[in-house]
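Student: I would like a close look at a single part of this model, namely its pockets, with the residues that line them and some of the packing elsewhere in the chain. Please take it slowly and keep the parts connected.

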Amino acid sequence: MKISYPIKNHLKKLFSLSKSSQHHHHTNPMEVEVKLRLPNAAAHQKLSSILSPHHTKTHLQENLFFDTPSLTLATAHHAALRLRFYDLDTHSVLSLKSKPSISSGISRIEELEEPLDPGLGRTCVAEPSRFKKMLEMSRILKIVENEYKVDLNEVVCIGGFRNVRSVYKWNGLVLELDETLFDFGVNYEIECESNDPEKAKVMIEELLNANGIEFSYSDMSKFAIFRSGKLPQI
């Protein structure tokens, strides 16, 4: 089915980059992050208090994932198609993450992001076949259909999780303190995206150790935890 031009132009507008989401748009396709897991709410609260003078913002995030009923993207391609809604739908971002690796608390993953109108995003959650109609406008959806050979008409919403992310600017680093609410429990984590992850990791570990805050290296992504259906062992 060809999309008529008025609808095409409307979709282009919906996909256009709003100012509010500009800082979420990464040009670099490789995301490198330090990920350290905190054991419980008490550790999370203590770190939050210590970092409070450096707090810049807190985001409420809702993460929903899409795949075929047989999970072709996740199993055959080690990829995740995610729609993230920010702050009660003030904006939303469509992401494709692929080729994940995580070792000693440092995560590397290829990531493409595109801003998406939250209203259109909610329509896609209710009716995932709508992605097919957006194919021409989206590099991400073209990769899913053309490179991964996943028919967008077959894609369903496989669920997801919510996340409360507090952001801090501390000693030249941007720290993200996460409280992730899965159906089966709550996970606590501190993340830091960095071009020098080894140095960032040492700085964060020193902060935690100096304040007697226990931690462990994250060895699973949030998506992997979601798929496993249970929190990782401490």
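Tutor: What follows goes from the chain as a whole to the two pockets, and then to one helix and one loop residue.

The model is a predicted one, and its protein chain holds eight helices and nine strands. Of the 234 residues in the chain, 49% are buried, and among contacts with a separation of 6 or more, 66% are made by residues 24 or more positions apart.

Rolling a probe the size of a water molecule over the atoms shows where empty space is left. In this model the largest pocket contains about 980 Å³ of space. Its lining is made up of 43 residues, and those nearest the centre are Glu-31, Glu-33, Arg-82, Lys-97 and Glu-111. Sorted by class, that lining has 18 charged residues, 14 nonpolar ones and eleven polar ones.

The second largest pocket contains about 160 Å³ of space. The residues that line this second pocket are Pro-29, Leu-96, Ser-98, Lys-99, Glu-110, Glu-111, Leu-112, Arg-139, Ile-143, Glu-147 and Tyr-148. The elements giving two or more residues to that lining are the strands β4 (91-103) and β5 (106-116) and the helix α6 (139-147). By class, the lining of the second largest pocket divides into five charged, five nonpolar and one polar residue. Glu-111 appears in the linings of both pockets.

Turning to helix α2, which spans residues 41-51, its buried residues are Ala-43, His-44, Leu-47, Ser-48 and Leu-51. Seen down the axis of α2, these buried residues fall within an arc of 135°, so they line one face of the helix. The general background is that an α-helix has 3.6 residues a turn, so residues three or four places apart point the same way. The buried residues of α2 pack against the strands β1 (30-38), β2 (55-67), β6 (156-170), β7 (173-182) and β8 (185-193), and also against the helix α7 (197-210). At the N-terminal end of α2, Asn-40 acts as a cap, with a side-chain oxygen 3.3 Å from the backbone nitrogen of Ala-42.

The last residue to consider is Met-134, which sits in the loop between α5 (130-133) and α6. Met-134 has a relative accessibility of 1%, and because buried means under 20%, Met-134 counts as buried. Along the chain Met-134 and Leu-152 are 18 residues apart, while their C-alpha atoms are separated by 9.9 Å.

Terms used: Residues numbered from 1 in each chain as written. Predicted model: local features only at pLDDT ≥ 70, side-chain atom pairs only at ≥ 80, totals over all residues. Heavy atoms only, no water. 1 Å grid on protein atoms, 1.4 Å probe; cavity = no way out; pocket = protein on both sides within 12 Å on 5 of 7 lines; lining within 4 Å. Points joined across faces, edges and corners; volume = space filled by probe spheres on them. Nonpolar A, V, L, I, M, F, W, Y, C, P; charged D, E, K, R; others polar. Helix = DSSP H or I, 4+ residues; strand = E, 2+ residues; numbered from the N terminus. Buried < 20%, exposed > 50% of the residue type's maximum accessible area, 1.4 Å probe, protein only. Arc of directions from axis to C-beta. Contact = heavy atoms within 4.5 Å. Polar contact = N/O pair within 3.5 Å; in protein donor to acceptor, adjacent residues only side chain to side chain.
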